[in-house]
Amino acid sequence: LAAGGPAPLFPSVRVCPLLGFLDEAETRVGCLAHPRATGGLDLRECGAYETKVCETFFCPSFAWLTEEEAALAEAAAGDFHLYGLVVTDVPFLRACLAAVAAGTGTKVERRHLERAPFRASLRRLLALKEELAPGSEGLFGAFAPGPDGGDVPRRIDYAAIGRETSPYDAILTCAGADPRSGNDLDRLEGEVRRRLDACVARFE
């Protein structure tokens, strides 16, 4: 399975080839090697991680996100693919929600997503995660690994490109709007502005 799969965008990120759809309708993603999927045989040792890691691991978002934030991401994304991209980038999700709140003067709550126009606009903002150019190794995300193992906030070098700090800096940093990333900063900033304006216009 690993040999026949596509080349990863970031080779340093371990991707288990045993991840797949658990149902014929392709609505639920999970481990194809788990005993519940195989009918009893545990094949998880054949994957990218040991079985004990699979049984005990929770991604950092599980600890960092509130239930409300996760629910907003789920409701706005509308499908498992975009949800997976957004929920694993906590600073990006929070930056988007904060930018919408700044534009509307109101914190985004689950009840606001009951209105289809606003929900669709918020999804379009989050969908920036699906449209980015593949960047240099490890350039995406708001944090980089520090020398002591901790997280060091990334910074867009605006001075190097002769620009002042963008009002959408938090979103752009998470999106990888950096000269090394493959994403054009001006184009991406304009897209963020347009999508945020649409969110604000459709908010009640």
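This is a guided tour of one predicted protein model, moving from the whole chain to helix α9, then to three salt bridges and one glycine.

**Before selecting anything**

Because the model is predicted, local features need pLDDT of at least 70 and side-chain atom pairs count only at pLDDT 80 or more, while totals for chains, interfaces and linings use all residues. Residues are numbered from 1 along each chain as its sequence is written, and side-chain values use heavy atoms, with hydrogens and water left out.

**The whole chain**

Start with a cartoon of the protein, which shows nine helices and four strands; helices (H or I, at least four residues) and strands (E, at least two) are DSSP runs, numbered from the N terminus. Read from the N terminus, the order of elements is β-β-α-α-α-α-α-α-α-β-β-α-α. Switch next to a surface: about 12300 Å² of the protein is exposed, and carbon and sulfur atoms supply 56% of that area, as computed by the Shrake-Rupley method with a 1.4 Å probe, where for residues only the protein chains shown count as cover. Of the 204 residues, 35% count as buried, where buried means under 20% relative accessible area, exposed over 50%, and partly exposed in between (1.4 Å probe, protein chains only). Taking contacts (heavy atoms within 4.5 Å) between residues at least 6 apart in sequence, 56% join residues at least 24 apart.

**Helix α9**

Now select residues 185-201, which form helix α9. This helix has 17 residues and spans 24 Å from its first C-alpha to its last, close to the 24 Å expected at 1.5 Å a residue; the expected span is 1.5 Å times one less than the number of residues. At its N-terminal end, D184 acts as a cap, with a side-chain oxygen 3.3 Å from the backbone nitrogen of D186. Colour the buried residues of α9, among them L185, L188, V192, L196 and C199, and then display α6 (90-104), α7 and α8, against which the buried residues of α9 pack.

**Salt bridges**

Which residue does the side chain of R195 meet in a salt bridge? The partner is E131, at 2.6 Å from N to O; a salt bridge here is a side-chain nitrogen of Lys or Arg within 4 Å of a carboxyl oxygen of Asp or Glu. R195 belongs to α9 and E131 to the loop between α7 and β3 (143-145), so that distant parts of the chain, 64 residues apart, are linked. R195 is buried at 4% relative accessibility, whereas E131 is partly exposed at 40%.

Stay with α9 and select D186, whose side chain forms a salt bridge with that of R163 (2.7 Å, N to O). R163 sits in the loop between β4 (151-153) and α8 (169-175), 23 residues from D186, and R163 is partly exposed at 23% relative accessibility. Salt bridges that share partners also join R124, E131, E191, R194 and R195 into one network.

Move then to R123 and D79, whose closest N and O atoms are 2.5 Å apart in a salt bridge. Because R123 lies in helix α7 (residues 116-126) and D79 in the loop between α4 (67-77) and α5 (80-87), the pair ties together parts that are 44 residues apart in sequence. R123 is partly exposed at 26% relative accessibility, and D79 is partly exposed at 29%. The whole structure holds 16 salt bridges.

**A last stop in α5**

Finally, select G84 in helix α5, which is partly exposed with a relative accessible area of 27%. The C-alpha atoms of G84 and A73 are separated by 9.2 Å, with their positions 11 residues apart along the chain.

Note on methods: A polar contact is a pair of N or O atoms within 3.5 Å; within protein, one must be able to donate a hydrogen and the other to accept it, and residues adjacent in sequence count only if both atoms are side-chain atoms.
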